[in-house]
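Trainee: Could you walk me through the aromatic contacts and the enclosed spaces in this one?

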Amino acid sequence: MKNQQRRMAFAFPALIMALFVDYLGYAFIVPILPAWQHQFGFSATQATLLVSIWAVPMFLLGPLTGRLTDKIGCGKTILLSLILLSISALMYLVATEELLPQAFLILAGARLLHGASGAAVMTACLASASQLWPNKFGEQAGKLIAMAAIGGLLGPVLGGVLFQYFGSVAFVVLSIATLSAVPVVWYSSSVIGDASEPAQGNVSLKVFITNPVLLRVGILIGITTLATGALEAGGPLFLNDELGLKPAAIGGVLLVMVFTQGIGSLFWGKLVDKNGPTRYMLMGWVVVTISLAMVGVLGHQLTGKQAIIAMILMLGIYQFSIAATQIPMLTMIDAAANQAYGSGNPGLAFGAFGTAWAAGTIVGPLIVGPVYDLSGSWPLSLGLLCVPALFGFIVTFRNQDILNECYNTEMNTRIELE
């Protein structure tokens, strides 16, 4: 019993470390994109493609990784995924040093492996948290996403600085950092989650389309990640092409962006548990729409230091506000999935919505890169992202009653069972 309690004390730190190194690697390459673009002669479309293909495995394999998580347990899933993440970091090294031919294909392969492993980490961590803390999932999910955001915050800074001053050694550091989480996850893997039997057996994926709440939440998640993915891919290229920032400086701008998202995740997570999700989703969509429009306007009108300050401010506001749309939707997934098919399938639920998350992450960069290639204007390419954000507000506003009813019913049931 004491040994189990000690392992339980390490469960949340293990989940935090896993998500931290997952997003550290995801964001690590972002400030390096311009260097790869110059080294290999990539177009803007090819450079942004390297960001978007990270999400392809999540899109294709989300439900599969979810079923795997439920079958073998969250702990084993995270452990295996961390090992694969460290291997993908070394693949970046091989490609950058051109140790093998077809560097772009190796980079693409590294991103695909990283995406598949990272998707499994995200799915398993959220599934574990939903089971360990069912009545405080909003707060705990907010903490986990905040830690992922911190990883994403440090990723560009660490990647930009290390690559600028030490070159490809940066990827060795990334691989070692990823492996550092393995011992903690291994120690607490049994507590994080073993295999479980679903309450209603294996659920058909059709439920995620036929259930009105799950369908709407999936659409909204895709919209949030469309804008975020486009900014993560196009933002560094914009800062390099039009403002002349180097990798370390680009990392600094991205640091502000992800820091504000981390703060927002903590802030909105606690409020959702107290007051429900939709009011904060609506607030977030309004500010997100305005801030993206201002990115386009100010990016077009300002130059030099004024433009840099304006971009830091607008992108920081955007990141804080986008957390108000994303964190409540994680609680909605948890509530709606439990209502739809009972307990025992948390991995499948978050895996399926990993697919929706990935869809936006893929589409965003694939929109912003070609738009720039056609228009030659980064402010226009990024500012147009306010259009899907406005659509997200409309969808949330028109469906707020059904979303609230689902969430409140599930939470009242859990309180009665305590």
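**Rings and cavities**

Mentor: Start with the rings: Phe28, Trp36, Tyr92, Phe163 and Phe171 form one aromatic cluster. Keep in mind that this is a predicted model, where local features need pLDDT of at least 70, side-chain atom pairs count only at pLDDT 80 or more, and totals for chains, interfaces and linings use all residues. Numbering runs from 1 along each chain as its sequence is written, and side-chain values use heavy atoms, with hydrogens and water left out.

Trainee: How many residues apart in sequence are the parts that the pair Tyr92 and Phe171 ties together?

Mentor: Rings of Phe, Tyr and Trp (its six-membered ring) pair if their centres lie within 6.5 Å; planes under 30 degrees apart are stacked, over 60 edge-to-face, the rest tilted. This pair, Tyr92 and Phe171, is tilted, at 5.7 Å centre to centre and 45 degrees between the planes. Tyr92 sits in helix α6 (residues 74-96) and Phe171 in helix α9 (residues 169-179), helices being DSSP runs of H or I, at least four residues, numbered from the N terminus. So the pair ties together parts whose separation in sequence is 79 residues.

Trainee: Which element gives the largest share of the lining of the second largest cavity?

Mentor: A cavity is a set of points on a 1 Å grid over the protein atoms alone where a 1.4 Å probe fits but cannot get out, and lining residues have an atom within 4 Å of a point. For the second largest cavity, the elements giving two or more lining residues are α7 (103-132), α15 and α16. Phe350, Phe353, Gly354 and Trp357 are among the lining residues. The largest share, 4 residues, comes from α16.

Terms used:
1 Å grid on protein atoms, 1.4 Å probe; cavity = no way out; pocket = protein on both sides within 12 Å on 5 of 7 lines; lining within 4 Å.
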